[in-house]
There are 2 protein chains.
Amino acid sequence: MVRAGLTAERLTRAGAELADEVGFEQVTVSALARRFDVKVASLYSHLKNSHDLKTRIALLALEEMADRGAAALAGRAGRDALSAFADVYRDYAREHPGRYAAAQLKLDPGAAAASAGRRHSRMTRAILRGYDLDEPDQTHAVRLLGSVFHGFVSLEAQGGFSHSAPDSQESWDRSLDALDALLRNWPAPRPS
Amino acid sequence: MVRAGLTAERLTRAGAELADEVGFEQVTVSALARRFDVKVASLYSHLKNSHDLKTRIALLALEEMADRGAAALAGRAGRDALSAFADVYRDYAREHPGRYAAAQLKLDPGAAAASAGRRHSRMTRAILRGYDLDEPDQTHAVRLLGSVFHGFVSLEAQGGFSHSAPDSQESWDRSLDALDALLRNWPAPRPS
DNA sequence: TGCGCTGCCTAATAGGTTTAGGCAAATTCT
DNA sequence: AGAATTTGCCTAAACCTATTAGGCAGCGCA
């Protein structure tokens with residue numbers, strides 16, 4: 001009986017591929033076992049449970065996006081950096097829809113702390129170095145940017161923008177123009 | 001044997017409550033049957049299948065949000081309308097996390113057409129009447145607003161903004177300030 | 001060469017999904 | 001009212017996923 005050579009890492013990678021193929025929802029310990037031509041129970045020596053698998057895929061996706069983000073930011077600033085960084089999320093979601101969905105998993109505090117979440121917010125903050133914002137406006141802007149990136153990408157993936165003109169690519173470009181203009185001219189809190 | 005009086009509508013409403021209580025992921029035909037103290041198979045005269053149930057909950061959530069949105073917009077314009085409308089999504093997601101999650105379900109074309117999706121985009125467009133935007137910028141702005149609303153609310157729900165100052169409420173207010181400023185001063189496409 | 005650890009297996013339990021077919025309650029007709 | 005019919009919930013069964021317990025064989029090392 002030849003051993004399959006299972007490890008948590010290989011399972012996670014295969015799980016990520018599976019997610020991209022059939023959707024993150026359909027990622028199942030059983031399907032993964034089938035893919036390795038192995039009995040389901042065998043996976044439980046490497047994974048705590050199904051949720052553990054999903055969490056690992058989420059962490060992988062967050063790392064991969066962070067890596068791409070870092071590469072995109074290298075040597076860029078201002079609107080250039082903004083655009084390149086934003087495209088990282090959009091492109092990643094298009095190439096790896098299952099992984100992107102995984103990254104939206106609500107992580108428990110332990111996993112969240114071990115995740116690339118901090119890298120993401122640090123990189124977003126780095127983009128703002130090209131603009132003139134002090135705390136706490138910088139944090140507000142980080143959150144706004146994150147919201148736009150995630151919101152646009154996920155509405156687009158949901159099909160929210162399809163079947164209606166103009167092309168969503170155009171809206172993406174113009175939204176980034178708009179964010180760039182906004183960051184260059186960040187408004188003071190309005191008097192309440 | 002007393003009849004339970006099941007209907008698709010009652011099941012949908014109960015499913016929505018269940019979603020808010022235990023999370024949309026955990027909404028299951030079995031759990032719903034338990035809640036009505038009825039055998040699982042009985043639900044299949046009212047629901048095509050599990051996916052049908054989820055779709056109905058999603059449609060309900062979209063309708064409810066659209067209703068609230070319409071109420072919020074009545075008699076308001078400009079920044080007031082923007083703020084009230086945005087709060088509809090955020091408040092709804094906080095009051096009804098399971099329903100809000102349901103509303104993110106990717107609908108098949110049939111369901112999407114029958115959904116309140118169009119109402120949502122028409123209302124968002126109505127907000128822009130308080131600003132001076134022509135097509136196609138209006139469409140771009142509609143999409144950007146939708147992205148911010150959904151993105152912020154869902155990152156917040158995921159816990160993305162917790163455990164770090166400042167309060168996410170503040171970022172929400174300032175983001176709306178920013179959007180208001182942006183819409184008042186929507187930039188032309190930058191020369192490429 | 002044999003010892004032990006590790007990795008994958010069999011077996012079993014529990015719960016969710018879905019279909020087929022039955023009986024009784026509710027509704028309609030005479 | 002009583003009979004006929006429709007409808008609603010049930011039993012039964014097949015199948016899938018998740019998870020745990022315990023077994024045996026291969027591989028690494030002495």
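# Two protein chains and a DNA strand

In this predicted model, about 3400 Å² of area is buried between chain B and chain A, and carbon and sulfur atoms give 56% of it; buried area here is the accessible area (1.4 Å probe) that two parts lose on being put together, summed over both. Three residues, B:R143, B:Q158 and B:R174, supply 22% of the area that chain B buries against chain A, which is more than any other three residues supply. Because the model is predicted, local features need pLDDT of at least 70 and side-chain atom pairs count only at pLDDT 80 or more, while totals for chains, interfaces and linings use all residues. Side-chain values use heavy atoms, with hydrogens and water left out, residues are numbered from 1 along each chain as its sequence is written, and chains are lettered from A and ligands numbered from 1 in the order in which they are written.

**The interface between chain B and chain A**

- The contact, meaning heavy atoms within 4.5 Å, takes 41 residues from chain A and 41 residues from chain B.
- There are 2 salt bridges between the two chains, a salt bridge being a side-chain nitrogen of Lys or Arg within 4 Å of a carboxyl oxygen of Asp or Glu.
- The side chains of B:R174 and A:D137 meet in a salt bridge, with 2.8 Å from N to O.
- Across the interface, 20 residue pairs are in polar contact, both residues being at pLDDT 80 or more; a polar contact is a pair of N or O atoms within 3.5 Å, where within protein one must be able to donate a hydrogen and the other to accept it, and residues adjacent in sequence count only if both atoms are side-chain atoms.
- On the side of chain B that touches chain A, the elements that give two or more residues are α8 (137–157) and α9 (168–184) of chain B, where helices (H or I, at least four residues) and strands (E, at least two) are DSSP runs numbered from the N terminus.
- The largest share of that side, 14 residues, comes from α8(B).
- By class, the side of chain B that touches chain A has 18 nonpolar, 13 polar and 10 charged residues; Ala, Val, Leu, Ile, Met, Phe, Trp, Tyr, Cys and Pro count as nonpolar, Asp, Glu, Lys and Arg as charged, and the others, Gly among them, as polar.

**The surface near DNA strand D**

- Of the 22 residues around DNA strand D, those that come nearest are A:T28, A:R34, A:S50, B:R3 and B:S42, and a residue is near a strand if one of its heavy atoms lies within 4 Å of it.
- Of the strand D atoms within 4 Å of the protein, 68% belong to sugar or phosphate, and the rest belong to bases.
- A polar side-chain atom of A:R34 lies 2.8 Å from a phosphate oxygen of the strand, whereas A:S30 has a polar backbone atom 3.0 Å from a phosphate oxygen.
- From chain B, a polar backbone atom of B:K39 is 2.8 Å from a phosphate oxygen of DNA strand D.
- Helix α2 (residues 29–36) of chain A gives the largest share of this surface, 3 residues.

**Backbone features**

- The peptide bond from A:E135 to A:P136 is cis, with omega near 0 degrees, and A:P136 lies in the loop between α7 (117–127) and α8 (137–157) of chain A.
- In chain B, the peptide bond from B:E135 to B:P136 is cis, with omega near 0 degrees.
- A:D37, in the loop between α2 and α3 of chain A, has a positive phi of about 55 degrees although it is not a glycine.
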